[in-house]
Amino acid sequence: MLLSTVLLPLLAGGALAEHTSNWAVLVSTSRFWFNYRHLANVLSLYRTVKRLGIPDSQIILMLPDDMACNPRNAFPGTVYNNADRALDLYGDNIEVDYRGYEVTVENFIRLMTDRVSEDMPRSKRLLTDDRSNILVYMTGHGGNEFLKFQDAEEISAFDLADAFEQMWEKKRYHEMLFMIDTCQANTMYSKFYSPNILATGSSEIDQSSYSHHADNDVGVAVIDRYTYYNLDFLETQVREPTSKLTMGDLFDSYDDEKIHSHPGIRYDLFHGGEAAARSRLVMDFFGNVQNVEVEGQARRNETEWEEDLLAIEKMIAEAKRRHNESLNTQPLPSHLVEEADAQDTKQTVRKEGAFRVDEDAGWAKQIIGAVALLGCVGIWAAGSWLDV
Amino acid sequence: MPPSRGADASPAFSTPDQVPKMTAKTPPESTESLWLRRCVIMSFWAVAICLGLPMWWKTTAIYRAELPLQAMTDWADGKMCKPVFPLRIAIEAPTLPEQDAQHLLQTTQHALDDLNEFSAHHLRLMLTESPLTPNISQQVVTHHGLGTRSNDEDIALSIRLIPVETGATPRSQLQPYAPTLDVYYTHNQLPPPSSTSSPLATSIAHELDKIFAEEQALLAYLLSTTSGAHAAKMKSLSPGTFTELERQSTRALKYAPTYHLTFSLFTPTSVPSAWEIESALQRYLSPLLESFSAISNFTVDSQVQLYAGFSPSIRAPEYDEAMQAWTLRKEDLSGFINAAEWPLSPSIGHGPTVNFVLYVPDQSQSPLLVKENGGNSWLVPQWGGVLILNPASSQTPTTLTKDALAPAMHSFADQLLSLLGLPQSPASFPLRLSTLKRVRAASLIFSASSTMGALARLTRQLESIPVPDTVARSVDSTMAHLQQSCDLLRDGRFQGALEHARNAESEAEKAFFERSMVGQVYFPDEHKVAVYLPLLGPVAVPLIMAALKELKSVLPGRRR
């Protein structure tokens with residue numbers, strides 16, 4: 001009993017341990033030229049998190065269309081998020097992970113739950129663990145509890161909530177910030193039920209999310225309001241990775257008058273509730289700050305170390321010699337034999353897989369098809385005969 | 001309603017003489033056509049029920065293989081396996097008669113058991129065969145029921161008792177490169193046959209307790225953080241130890257069967273443009289990597305990047321007059337790696353990448369140090385290490401020689417050990433390795449078990465997810481490996497336990513991340529109605545109406 005009272009606070013501390021990596025999943029879900037602003041939203045955020053230190057290998061960028069190379073783009077090869085066109089978002093150092101028709105609901109859910117095929121490159125996977133903070137930013141056209149993908153399909157709030165639950169169960173995140181800029185955005189996070197998610201959206205149910213301004217030369221709106229004011233805060237206030245501004249500061253900067261809709265924030269899932277969520281640093285989600293451990297200077301004894309290495313080498317040589325001897329005298333240890341067996345069975349399984357697509361199966365299908373066809377003809381013939 | 005009228009009227013038509021009066025009405029339906037119509041309706045229904053319904057059922061059903069959900073949950077709750085770590089400690093006492101040795105062993109064991117607060121981790125002493133007196137060893141071996149095979153890898157530590165005449169006794173010395181503890185004693189320190197304690201026994205027990213203190217703390221921490229079920233029998237950890245262990249676990253990489261090491265040389269100018277990295281790695285690092293081969297494998301690559309600038313968002317180094325050096329503030333260090341432009345993390349191969357960055361500053365900014373403590377290297381938890389190499393001469397050499405790289409390699413080697421989670425004590429390297437083996441085996445068992453639990457919960461919770469047979473097979477294999485691993489742990493065969501735990505982990509991952517288990521689309525009920533109604537409505541309405549009409553025509557007829 002005494003033990004548990006001593007330990008409980010410590011264990012609680014363990015659950016709140018610091019994160020060691022930051023990941024960002026930035027998703028635009030709409031195609032076509034007139035949705036230029038959604039891609040600009042995502043690219044702006046991409047640029048910001050990269051500036052604050054998240055490496056490209058830890059940013060998953062999903063762009064369903066290529067605005068930079070769109071024939072209607074008066075400024076080929078560029079994407080701007082402001083009419084002053086001071087900053088080319090496309091630049092020369094951008095890594096798009098999912099592009100064009102790869103941006104689907106299925107791929108998004110596969111990405112989040114890591115149910116991808118074996119040949120998926122590591123750069124396109126979300127390789128997070130229980131020490132990773134994830135920023136999920138989505139933008140596109142949405143409605144009550146859904147978000148359209150490419151005008152062809154939609155992801156529902158339930159799917160999203162289930163995907164996040166699977167991530168939580170598999171310990172794939174430490175804390176998550178979910179941001180969404182779409183019409184009726186706040187409905188998208190209303191179904192979440194997994195812990196440690198801090199969610200924010202641009203507009204309430206039955207509210208639209210508006211664009212900020214259009215660039216007359218580009219010819220379309222270039223950024224959405226909610227994203228614009230988030231970026232405004234991140235770019236003007238969070239100047240360097242050492243920034244100590246908190247999520248509370250970011251949320252307080254939201255101004256309904258300017259955004260033209262009511263941004264929502266959901267604290268209840270977060271461990272420690274509103275107070276804890278608000279006290280998280282902006283850099284905990286938008287940057288990549290780790291507590292480095294600085295080592296002292298020149299306290300090492302090089303000669304001693306070299307002796308150590310020699311001794312280790314000798315030790316290994318000795319171990320190898322003994323291992324070889326034991327191999328000569330003893331049969332294989334049981335686990336090795338088992339592994340070999342396992343490999344054998346694997347191979348046979350593979351063979352089965354190969355048989356499935358070979359000629360016989362194909363013929364069988366064709367025969368079934370032919371029989372079905374003949375059957376139909378027979379029924380028709382019988383019917384017409386009966387008719388007569 | 002027309003059908004009822006028709007039904008009522010039809011029997012009346014049966015008398016032929018009334019027919020001429022009723023010319024305005026439809027002609028009577030013959031029994032033949034009545035039955036034909038019924039047959040048609042029935043055959044339509046038969047097709048719908050016998051063919052359509054099963055087909056609909058078959059094509060929309062989600063295949064869910066049977067999973068042993070209860071067993072999976074039990075594993076996750078720690079009910080199936082309580083990991084214990086019985087360590088065998090062999091005592092070699094070639095000069096002692098067997099009786100005395102036995103007695104010493106028993107008293108030491110008593111003293112040990114009194115000291116030990118952590119029941120899952122206990123040390124078992126035993127006498128071992130020594131080359132000088134094979135007779136004794138023979139008896140001892142049979143006495144303890146241990147086969148001859150236990151004499152190499154399964155013994156965690158062997159104690160050599162060496163009688164001496166001079167010097168402070170009892171004293172002990174741990175061999176740095178062998179799992180051996182030398183204990184020096186004088187004869188009068190042996191326990192007399194009647195007593196239950198002696199200074200020698202107590203001293204050995206304390207020494208052993210000290211040697212395994214960190215391992216016990218590590219395991220206790222692991223048990224306490226991963227599963228609530230074990231907390232009861234846990235050794236109490238002082239808050240200080242707990243924070244230290246937490247820091248260690250934050251720092252150490254997650255276990256992987258293969259790690260990829262990347263050594264990168266970054267310089268803001270054009271020199272140095274080459275380094276003798278291959279021979280340096282061969283010389284300074286490969287012995288270490290090889291010694292880890294029982295736990296993990298490593299692949300290594302290296303790169304040189306010239307003209308690598310700092311990220312624009314970190315503060316530029318400042319010149320410190322007192323230190324006579326350029327300095328970086330500690331809080332800027334985490335932004336030192338210019339992640340946006342430096343090509344790190346090559347995303348090749350399997351397994352996580354560990355980065356080691358050697359930065360040679362520009363001559364105008366050399367030497368470059370950390371402001372707070374004047375150090376030149378730091379470790380980034382779960383990522384890798386960084387070292388700033390300030391060239392000794394005023395001119396930066398174009399090629400860094402093997403010897404110039406030695407301090408950097410030393411630092412990287414230390415960082416690597418720390419990142420791999422190797423404990424800092426005891427002083428004997430093989431002992432620390434075997435400690436790591438046990439800790440990794442336990443953590444893999446926990447992680448595979450918790451994956452099983454997660455899979456079981458998700459299967460119960462998300463009913464729209466398909467569960468193919470491969471998942472069931474992987475689950476079975478995971479649990480078999482877990483059980484074997486747990487049994488081997490109990491037997492004290494830790495290498496086998498680690499291998500089974502590793503297999504269990506990879507099978508568990510395979511089961512959880514099965515590709516086809518994507519609960520892709522959630523359909524709310526209104527969606528289902530919206531999909532089915534336009535499809536089935538036009539078909540169902542005539543079917544149902546016709547059936548109702550026929551039923552009504554049949555039922556009153558019977559009543560009458």
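**Figure 1. B:Asn373, a partly exposed loop residue.** With a relative accessibility of 35%, B:Asn373 counts as partly exposed. Like everything shown in these views, it comes from a predicted model. Look for B:Asn373 in the loop that runs between strand S12 (368-370) and S13 of chain B. If you want a sense of distance, try B:His260 as a second landmark: B:Asn373 and B:His260 are separated by 113 residues in sequence and by 31 Å in space, C-alpha to C-alpha.

**Figure 2. An open sheet with strands from chains A and B.** Follow the strands across this view and you will meet them in the order S13(A)-S13(B)-S14(B)-S11(B)-S6(B)-S8(B). These six strands form an open sheet, and their pairing is mixed. Where does the sheet end on either side? Its edge strands are strand S13 (293-295) of chain A and strand S8 (297-305) of chain B, each of which pairs on one side only. On average, neighbouring strands of the sheet are turned by 15° against each other, with direction ignored. For a closer look at one pairing, pick strand S13 (residues 377-380) of chain B and strand S14 (residues 384-388) of chain B, which run antiparallel and are joined by four bridges. Here B:Val380 has B:Gly384 of S14(B) as its bridge partner.

**Figure 3. The disulfide between B:Cys81 and B:Cys486.** How many disulfides does a search of the whole structure find? The answer is one, over all chains. The disulfide is formed by B:Cys81 and B:Cys486, whose sulfur atoms are 2.0 Å apart. Because the torsion about the S-S bond of this pair is about 95°, the disulfide is right-handed. The two cysteines link distant parts of the chain, being 405 residues apart. B:Cys81 sits in the loop between helix H3 (69-76) and strand S1 (85-92) of chain B, while B:Cys486 belongs to helix H13 of chain B. Are these cysteines buried or exposed? B:Cys81 counts as buried at 5% relative accessibility, and B:Cys486 is buried too, with a relative accessible area of 2%.

**Figure 4. Two cysteines of chain A.** This view moves over to A:Cys69 and A:Cys183. A:Cys69 counts as exposed, at 56% relative accessibility. A:Cys183, on the other hand, is partly exposed, with a relative accessible area of 22%. For some background on the chain around them, the secondary structure of chain A comes to twelve helices and 13 strands. Of the 388 residues in chain A, 50% are buried.

**Figure 5. Helices H12 and H13 of chain B crossing.** In this view, helix H12 (residues 429-461) and helix H13 (residues 469-491) of chain B have axes that come within 11 Å and cross at roughly 145°. The crossing of H12(B) and H13(B) is left-handed. Which residues make the contact? From H12(B) come B:Ile445, B:Ala448, B:Ser449, B:Met452 and B:Leu455. H13(B) brings B:Val471, B:Val475, B:Thr478, B:Met479, B:Leu482, B:Ser485, B:Cys486 and B:Leu489. Sorted by character, the residues of this contact are ten nonpolar, three polar and no charged. You may recognise B:Cys486 as one of the disulfide cysteines.

**Figure 6. Strand S2 of chain B and its pairing with S1(B).** Strand S2 (residues 121-127) of chain B is largely enclosed by the rest of the structure, because six of its seven residues are buried. S2(B) pairs with S1(B) in the parallel sense, over seven bridges. One of the pairs to look for is B:Arg88 with its bridge partner in S2(B), B:Arg124.

**Figure 7. B:Thr108 and its contacts.** B:Thr108 is found in helix H4 (residues 98-115) of chain B. At 0% relative accessibility, B:Thr108 counts as buried. Which residues does B:Thr108 touch, leaving aside its neighbours within four places in sequence? Its contacts are B:Leu125, B:Ala201, B:Ile204 and B:Ala205.

**Figure 8. B:Ser158 and its contacts.** The last view centres on B:Ser158, which lies in strand S3 (residues 155-163) of chain B. B:Ser158 counts as buried, at 15% relative accessibility. Beyond its neighbours within four places in sequence, B:Ser158 is in contact with B:Ala90, B:Glu92, B:Pro179, B:Thr180 and B:Leu181. Another landmark here is B:Asp182, which is 24 residues from B:Ser158 in sequence and 8.5 Å away in space, C-alpha to C-alpha.

Notes: Residues numbered from 1 in each chain as written. Chains lettered and ligands numbered in written order. Predicted model: local features only at pLDDT ≥ 70, side-chain atom pairs only at ≥ 80, totals over all residues. Heavy atoms only, no water. Axes fitted to C-alpha atoms, helices over the stretch in contact; angles between N-to-C directions. Left-handed = near helix turned anticlockwise from the far one by under 90°. Contact = heavy atoms within 4.5 Å. Nonpolar A, V, L, I, M, F, W, Y, C, P; charged D, E, K, R; others polar. Pairing = 2+ DSSP bridges. Disulfide = S-S within 2.5 Å. Buried < 20%, exposed > 50% of the residue type's maximum accessible area, 1.4 Å probe, protein only.
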